[in-house]
Amino acid sequence: MKRNILPSFYISLWLLFTAVILQAVESAKGKYAHLLFNELFEHYSNALIPVEDTDKVLNVTLQITLSQIKDMDERNQILSAYLWIRQSWYDAYLKWDKDKYDGLDSIRIPSNLVWRPDIVLYNKADDDFSEPVNTNVVLRYDGKITWDAPAITKSSCVVDVSYFPFDSQQCNLTFGSWTYNGNQVDIINSLDSGDLSDFVEDVEWEINGMPAVKNVITYGCCSEPYPDVTFTLILKRKSSFYIFNLLLPCILISFLAPLGFYLPADSGEKVSLGVTVLLALTVFQLMVAEIMPPSENVPLIGKYYIATMTMITASTALTIIIMNLHHCGSEAKPVPQWARVVILDYMSKIFFVYDVGENCTSPKREKEDENKLEEGDRCQRRHKEVRSHLSNRNDECDLKEKLNGNLNKSYGVPGENVREAVNCCSCYKMLIKNIEYIANCVRDHKANRAKGIEWKKVAKVMDRFFMWIFFIMVFFMSVLIIGKAA
């Protein structure tokens, strides 16, 4: 039992001694850090550029890390991003010998105690011009200062919405010194591009790169050069949301427009369908207009909406014209010969338009036509027989009238039989006139009805023709916009 207790006791004692030594070392380092801080900043001023020779250029290394895209306001053309900005430079007045301070090689102090370069975002689009966040800086024994500061920036970005929602945008973030020229402070790129390793994926935008380019510009106000570093943020829009909420409903609605030609003319809903589709597309057009900036570049989806609305307007106008053709009555002119040949003979067969009771089975139709012809021949034969019989009776009446007249003159026969014969013949004549009048009325009615049926068939053929024309137009317009997206 004693053998087991002694090793554990020694281990505990050794751990306690180590903790005490470490605490003493830390307290010693803290003591040296306070001593170092007091000696460094006893005669230090953060108002002047920290160089021993004013003819020398102070190099500032800049590195940008993109953490998140907070918002992309296309209408106001403002990009809001969350950045980590790292700046490093050498301060000639903040150096020490680490051996004199028990090997202390770095300390962390508030950033407002040291000189900081006035590097700002040139294309800032925010009303808040407050100073950078006062985070601590890391100060090394050789005078190197590293300042890491988070920032939420709002920068102006020229948005090109010509191919919305399949567009790509390039937004610049230009950083440079506001007062120091290139002969005093020079900006150096830490990397060839911005750091995207800690980027939080955005739901709307995809990052394709963030290259960095150094520029040296001489402005009109000053003769000295002013260097800056421009980070170009290459964004590609994720179009799935807009495809399912703006594009596909428009395509489906546009396919309803040609179906207005397929509706029966007597339904009374042909024009109302076109107007309803037009109003639906107008609502989608207003939704797109609220998102896009007011510019001369019309978005691709906006062009598609305008083209579709123009097509629906044309289809509604054609529907009204065809409705007038359908409701042509007996007072209308007959169908022209060219229309009868082109539309009724050829186009009706191409678009499978038949009369009432017709269908695609031609043998049945031929039999019905033959039966109609046979019935017409029988009716004509009966009409001729009746007319010939009545004419014979009329001739007999005339002959009897003559004979009775002669007998009356020659032999003085009483005139009662003669009056009866004359009355009989006058009845037959009146009957013939009535039958001819009825036949003429029936013939005129059939002719007017046939004229109206022909105009209705013309209207139906034109409905089918324009239906397929507009279906083809909608299909090619949809393929075109999808091709633009690819």
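Me: What makes a pair of side chains a salt bridge?
Reply: A salt bridge is a side-chain nitrogen of Lys or Arg within 4 Å of a carboxyl oxygen of Asp or Glu. This is a predicted model, in which local features need pLDDT of at least 70 and side-chain atom pairs count only at pLDDT 80 or more, while totals for chains, interfaces and linings use all residues. Residues are numbered from 1 along each chain as its sequence is written, and side-chain values use heavy atoms, with hydrogens and water left out.

Me: Why is the pair Glu201 and Lys238 called a salt bridge?
Reply: The closest N and O atoms of Glu201 and Lys238 are 3.1 Å apart, and the limit is 4 Å, so the pair qualifies. Glu201 lies in the loop between strands E8 (185-189) and E9 (205-209), and Lys238 in the loop between E11 and helix H2 (240-254), so the bridge ties together parts that are 37 residues apart in sequence. Helices (H or I, at least four residues) and strands (E, at least two) are DSSP runs, numbered from the N terminus.

Me: Why is Glu201 called exposed?
Reply: Exposed means over 50% relative accessible area, buried under 20%, and partly exposed in between (1.4 Å probe, protein chains only). Glu201 has 66%, so the label is exposed. Lys238, at 26%, falls in between, so this residue counts as partly exposed.

Me: What makes Arg237 and Asp167 a salt bridge?
Reply: Their side chains meet at 2.7 Å, N to O, so they satisfy the salt-bridge limit. Arg237 lies in strand E11 (residues 225-237) and Asp167 in the loop between strand E6 (144-156) and strand E7 (168-177), so the pair ties together parts 70 residues apart in sequence.

Me: Which residues are linked in a network with Arg237?
Reply: Glu74, Asp167, Glu204 and Arg237 are linked in a network of salt bridges. Within this network, Arg237 and Glu204 have their closest N and O atoms 2.9 Å apart.

Me: Why is Arg237 called buried, and what about Glu204?
Reply: Arg237 has a relative accessible area of 4%, so this residue is buried. Glu204 has 22%, so Glu204 is partly exposed.

Me: How do you know that Thr308 is buried?
Reply: Its relative accessible area is 1%, so Thr308 is buried. Thr308 sits in helix H4 (residues 300-326). Leaving aside neighbours within four places in sequence, Thr308 is in contact (heavy atoms within 4.5 Å) with Cys250, Ser254, Leu281 and Met477.
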